[in-house]
Amino acid sequence: MYREREWVGEKSMNQNRTPLFDTVTDLIGTNPAYFKVPGHRLDRGISARWTDLVGTGIFAYDVTETPLTDDLHRPEGAISEAQRLLSALYGADQSFFLVNGSTCGNEAMILSAALEGEKIMVARNAHKSAMAGLILSGAEPVYVMPEVLGQWGIQGEITAAAVREGFERAPGCKALFLVSPSYYGICSDLEAIADICHAHDALLLVDEAHGGHVYFHDRLPTGALWAGADVCVQSMHKVTGALTQSAVLHIRNHGAGEAALRRIGQNLQLVQSTSPSYLLMVSLDCARYELAMNGTKMMERALRLAEYARKRIQGIAGFRCMERERTDSTRLVISARDIGLTGYALEQTLFEQYAVHMELADDENVLAIVTYANEMEDMDRLVRACEEIGARYAGQEAVRRADGHLCFPGLPQQVMTPRSAYFAQTKTVRWQEAAGAIAGQMIAPYPPGIPVIYPGERISREVWEYIEQFRLDKRHMHGADANGRLEWIKILPT
Ligand SMILES: Cc1ncc(COP(=O)(O)O)c(C=O)c1O
């Protein structure tokens with residue numbers, strides 16, 4: 001229903017254009033005497049150690065605002081046109097280029113949707129940028145828990161029932177913020193959720209950091225904008241060929257929260273650099289062009305590569321590879337626990353012995369992000385490595401798995417908002433003494449960067465033990481001490 005709804009953007013733009021890329025190319029062609037930033041002067045000042053190896057051409061695109069190249073913070077020319085082309089492609093009313101990743105998009109969405117003291121529903125598996133948005137805005141989060149997929153030991157979708165229950169528990173929430181697809185490719189039923197949000201006059205804000213590509217193939221889940229989201233962000237660098245940090249934010253107004261939607265542009269100015277990188281923005285322009293011209297072919301290729309590997313890996317004794325409805329099947333979630341390997345051990349073996357780099361590991365699985373730019377040879381290397389590992393560990397006893405519902409601790413008690421706790425006087429205590437205290441900081445295993453504890457929450461024994469296990473296993477955690485260990489933690493004095 002939402003997919004067909006009219007949007008106010010221009011539908012018939014010629015996507016066979018790259019206005020920003022062309023404009024910067026033209027600027028370089030004028031051979032300017034350049035007295036602006038950046039100081040390397042269209043490549044001459046970049047270290048020869050680097051340019052001798054990679055050449056210079058690309059660096060010339062690292063320019064700044066000029067009368068030709070427009071201004072991200074007040075676009076009227078090439079950037080404006082490039083953003084309108086993006087809107088037209090995705091069916092958004094308005095789209096913005098982001099140069100600080102989906103991180104700044106999530107911050108601006110939350111900052112715009114719920115003001116200090118207002119309530120906002122937030123999925124508990126949200127990326128830590130949602131917490132930054134809460135700290136900036138001062139809004140009061142009402143958490144909604146995702147399902148747990150016990151068989152895989154990971155968090156699943158946010159159900160429509162959980163959202164309905166959230167609005168009953170906390171009427172007046174201004175918005176719901178959730179992640180779909182998740183890192184593992186799992187999507188929520190966004191159409192049903194959008195209906196619930198709009199019935200409560202609340203905005204649906206979707207962190208679609210991992211889903212900029214799903215719009216381009218019928219065998220991929222429905223994109224958030226087409227499913228009724230009012231705002232979504234996409235890390236175009238994650239899956240669609242743009243450079244690291246480049247992301248976009250789309251708005252599609254369904255009649256809820258118009259004032260909030262109007263605040264987004266202004267708030268993006270707050271959280272984005274005043275020196276936005278033209279390399280990143282040109283990469284967004286070109287990534288949009290490729291998707292418009294070849295998106296379906298690109299996604300067909302990614303799907304074919306992923307499906308090939310999934311099938312082969314499923315056939316290896318001791319290995320499992322996730323297959324699920326409403327899931328982006330270009331994500332390969334692979335488990336070898338049945339032959340005694342945790343996800344962490346499998347990731348390490350693949351990295352150290354086969355130079356196969358997985359995106360992340362958890363206790364149970366490793367995750368591969370397969371894109372159109374992978375080669376069949378990459379897939380064969382992954383498959384062959386799994387075959388060899390499978391043969392080596394055959395017959396080894398399975399790793400005991402925690403009961404699905406014990407994999408993740410329950411919701412801690414929220415004593416104060418993340419913002420109040422963040423700005424409160426804190427004291428530092430030994431981690432070993434922290435159970436029962438109110439956290440003055442977050443702790444998030446990384447990746448995936450989902451906070452287990454937010455500032456202002458009481459560190460329950462259950463949460464403490466969960467984090468303690470990560471600590472004992474020497475896992476990488478954001479919020480740990482400068483030395484990477486978690487020996488100390490900031491808490492609020494009682
Ligand atoms: C679900 C999710 N949201 C947001 C982000 C932040 O995206 P970016 O790295 O583009 O800032 C990430 C990063 O991994 C993520 O996994």
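# A tour that starts at Ile450

Select Ile450 first: it is buried, with 23 other C-beta atoms within 10 Å (a residue is buried if 20 or more other C-beta atoms lie within 10 Å of its own, exposed if 12 or fewer, and partly exposed in between, with C-beta atoms placed from the backbone). The model is a predicted one, in which local features need pLDDT of at least 70 and side-chain atom pairs count only at pLDDT 80 or more, while totals for chains, interfaces and linings use all residues. Residues are numbered from 1 along each chain as its sequence is written.

Ile450 sits in the loop between β16 (444-445) and α14 (461-472); helices (H or I, at least four residues) and strands (E, at least two) are DSSP runs, numbered from the N terminus. Leaving aside residues up to four places away in sequence, Ile450 touches Asn125, Ala126, His127 and Ala444, where contact requires that the C-beta atoms of two residues, placed from the backbone, lie within 7 Å. For a sense of scale, add Asp201, which is 249 residues from Ile450 in sequence and 28 Å from it in space, C-alpha to C-alpha.

**The seven-stranded sheet**

Next, colour the strands of the open sheet whose order is β1-β9-β8-β7-β6-β2-β3 and whose pairing is mixed; two strands pair if DSSP finds at least two bridges between them. Its edge strands, each pairing on one side only, are β1 (94-98) and β3 (140-144). On average, neighbouring strands of this sheet are turned by 20° against each other, direction ignored; axes here are lines fitted to C-alpha atoms, for helices over the stretch in contact, and angles run from 0 to 180 degrees between N-to-C directions.

At the β3 edge, select strand β2 (residues 119-123), which pairs with β3 in the parallel sense over five bridges, and find Ala123 opposite Val144 in β3. Then move to helix α3 (residues 78-90), which lies across β1 and β9 (247-251) and runs at about 120° to β1.

**Two helix pairs**

Two packed helices are described by the angle between their axes and the distance between the axes. Select helix α6 (residues 160-169) with helix α7 (residues 190-199), whose axes come within 9 Å and cross at roughly 15°. That makes α6 roughly parallel to α7 (angles under 35 degrees count as roughly parallel, over 145 as roughly antiparallel, 65 to 115 as roughly perpendicular and the rest as oblique). The crossing of α6 past α7 is right-handed, a crossing being left-handed if the near helix is turned anticlockwise from the far one by less than a right angle, and right-handed if clockwise. Show the side chains of Ala160, Val163, Arg164 and Phe167 on α6 and of Ala192, Ile193 and Ile196 on α7, which make the contact. By class, this contact of α6 with α7 has six nonpolar, no polar and one charged residues; Ala, Val, Leu, Ile, Met, Phe, Trp, Tyr, Cys and Pro count as nonpolar, Asp, Glu, Lys and Arg as charged, and the others, Gly among them, as polar.

Now select helix α1 (residues 19-29) and helix α10 (residues 278-314), which pack at an angle of about 135° with their axes 7 Å apart. That makes α1 oblique to α10. Pro19, Leu20, Phe21 and Val24 of α1 meet Tyr278, Met281, Val282, Asp285 and Cys286 of α10 in this contact, and the residues of the contact of α1 with α10 divide into eight nonpolar, no polar and one charged.

**Strand β11 and its partners**

Where do the side chains of β11 point? Arg331, Val333 and Ser335 point one way, Leu332 and Ile334 the other way, and all are buried. With five of its five residues buried, strand β11 (residues 331-335) is largely enclosed by the rest of the structure. Two bridges join β11 to strand β10 (residues 320-321) in an antiparallel arrangement, with Cys321 opposite Ile334. β11 also pairs with strand β13 (residues 365-369) in the antiparallel sense over five bridges, and there the bridge partner of Arg331 is Ile369.

**The three-stranded sheet**

Finish at the open sheet of three strands in the order β14-β18-β15, with antiparallel pairing and with β14 (427-430) and β15 (438-439) as edge strands that each pair on one side only. Four bridges pair β14 with β18, and Thr428 stands opposite Lys490. Two bridges join β15 to strand β18 (residues 488-492), where Ile438 stands opposite Leu492. Along β18 the side chains alternate, so look at both faces in turn: Ile489 and Ile491 point to one face and are buried, whereas Trp488, Lys490 and Leu492 point to the other and are not.
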